[in-house]
Amino acid sequence: MAVGSAAPKMRMANQKKILVTGSSGLIGSEVCAYFAARGWAVHGADNNGRAAFFGPQGDTRWNQRRLQAELSGFGHHEVDIRSREQVLKLIETVRPDAIVHTAAQPSHDLAAKMPFEDFDTNAVGTMNMLEAARRFAPEAPFAHMSTNKVYGDAPNELPLAELETRWEYAKPEHKTGIAESFRIDQSKHSLFGASKVAADIMVQEYGRYFGMKTCCLRGGCLTGPNHSGVELHGFLSYLIRCNLEGKKYTVFGYKGKQVRDNIHSLDVARFIHAFIDNPRSGEVYNLGGGRGNSCSILEAFKLAEDVSGKKMQYEYVDKNREGDHICYISDLSKMRQHYPDWNISKSLKDIFSEIHQSWTRRVQQSA
Ligand SMILES: NC(=O)c1ccc[n+]([C@@H]2O[C@H](COP(=O)([O-])OP(=O)(O)OC[C@H]3O[C@@H](n4cnc5c(N)ncnc54)[C@H](O)[C@@H]3O)[C@@H](O)[C@H]2O)c1
């Protein structure tokens, strides 16, 4: 382990320090780059767990190396968040001014194949982070990446209308999407959703019980050019890669009309910044692209084809994924109300074109 051995280079007096777990992943790396660009010393913690979960296609070392090469204020800590000892030592050593916890086992399909690893990473790892933060950095705002899977498949109970290319909420009062008040229990979550519920509730509790400035960000589809998308996680990244390489994409159920709302990782980092600047205790926000950035799988095929000029190859399996949402659109009203300066800055078109460029570059580099 390398806790403390990776102090960011060129640290200035009074420079603020941020600790980012899962720093080599999609959201973690974006948050690292975002805060480094604003003069923070950035401590990243990652153990390339994604490669252990998804195999070589999920390997995030390339992104770690990119951060180490490109960010002057960045230091990498090879830390496994499942290890209480390593996490306590990390936070005691770094004493960060802010913490962003993104490390996770992120796939709901995979969790059933590795229940212990999933729970140890998502629930126990988050508990380790919270308690270490309470002991050594209790004033630091603590932003936790949760997920919309904490609602289980309950959103599927809303009446839906079938349109030509997508499912849509049938009732006008549901059109703004799913709000934070939506119930989180008595539905099927997948083991992943359940381990994230445990973490989500604990993050809220450390805010409410101990007064720490914690928040849970219940992500819709978080995406961006630095995702190592694979079939089981990171649908847009994986879909665009399939399109680029002429590989067959498998659609699981719901006629390919299932709707996701997509948010660029930069807009996630921008919201985290707004929260850190003006933190609250034990908060919960639904963080997605909202209606403006929503698309169905069929609509995503068309957008991918538009950006690459290549026809999408796909097959249809008439069996949906366990606990999958049919139509999920995040209601962003609470975020906008608490942080009125924040808004979505990257459109769906921006997102498709950036992911396409990134895969083109990465595929060429690995050839
Ligand atoms: N990407 C999405 O669509 C999405 C949607 C909703 C919620 N989320 C949540 O957002 C967070 C970030 O997601 P992401 O897409 O950036 O995931 P990611 O897999 O790209 O990044 C997670 C990082 O955590 C690291 N990691 C895994 N286990 C670890 C461990 N034991 N110790 C240290 N590091 C470990 C991985 O190596 C990886 O680099 C996760 O909590 C995820 O559940 C993501």
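**Group meeting: a covered helix, a ligand site and two cores**

Hi everyone, let me start with helix α8, residues 235-245, which is mostly covered, with 10 of its 11 residues buried. Before I go on, please keep in mind that this is a predicted model.

So which residues of α8 are buried? Reading along the helix, they are Phe235, Leu236, Ser237, Tyr238, Leu239, Ile240, Arg241, Cys242, Asn243 and Leu244. You will notice Arg241 and Asn243 in that list, alongside Leu236, Leu239 and Ile240. And what covers them? The cover includes two helices, α10 (297-308) and α12 (348-366), together with the strands β9, β10 (249-252) and β11 (259-264). Just after α8 comes Gly246, with a positive phi of about 65°.

Now to the ligand. There are 32 residues around it, and Asp46, Arg50, Asp80, Lys196 and Gly220 come nearest. Let me go through some polar pairs. In the side chain of Asp80, an N or O atom is 2.8 Å from a nitrogen atom of the ligand. Ile81 takes part through its backbone: one of its N or O atoms there lies 3.0 Å from a ligand nitrogen. With His227, a polar side-chain atom is 3.1 Å from an oxygen atom of the ligand. How much of the ligand is covered? On its own the ligand has 820 Å² of accessible area, and the protein covers 97% of that.

Several elements give two or more residues to the shell: α1 (26-37), α2 (49-54), β5 (142-147), α7 (190-208) and β9 (221-223). For those of you thinking about the chemistry of the shell, the split by class is 12 nonpolar, 15 polar and 5 charged residues. Remember β9, by the way: it is also part of what covers the buried residues of α8.

Last topic, the nonpolar cores. In soluble globular proteins, nonpolar side chains tend to be buried together. Here the largest core has 34 residues, and the members touching the most others are Ile18, Val31, Phe35, Ile272 and Leu287. Two or more residues each come from β1 (17-21), α1, β4 (98-101), β5, β8 (214-219), α9 (265-277) and β12 (283-287). Helix α1 gives the largest share, 7 residues.

If you would like one residue to click on, try Ile272. Leaving out residues up to four places away in sequence, Ile272 touches Val31, Phe35, Val100, Ala143, Met145 and Leu217. Apart from this core there is another, of 23 residues, including Val79, Ala132, Phe136 and Ala137.

That's my tour, thanks for listening!

Conventions
Residues numbered from 1 in each chain as written. Predicted model: local features only at pLDDT ≥ 70, side-chain atom pairs only at ≥ 80, totals over all residues. Heavy atoms only, no water. Near = heavy atom within 4 Å. Polar contact = N/O pair within 3.5 Å; in protein donor to acceptor, adjacent residues only side chain to side chain. Areas by Shrake-Rupley, 256 points an atom, 1.4 Å probe, with all protein chains shown as cover. Helix = DSSP H or I, 4+ residues; strand = E, 2+ residues; numbered from the N terminus. Nonpolar A, V, L, I, M, F, W, Y, C, P; charged D, E, K, R; others polar. Buried < 20%, exposed > 50% of the residue type's maximum accessible area, 1.4 Å probe, protein only. Contact = heavy atoms within 4.5 Å. Core = buried A, V, L, I, M, F, W, Y, C linked by side-chain atoms within 4.5 Å.
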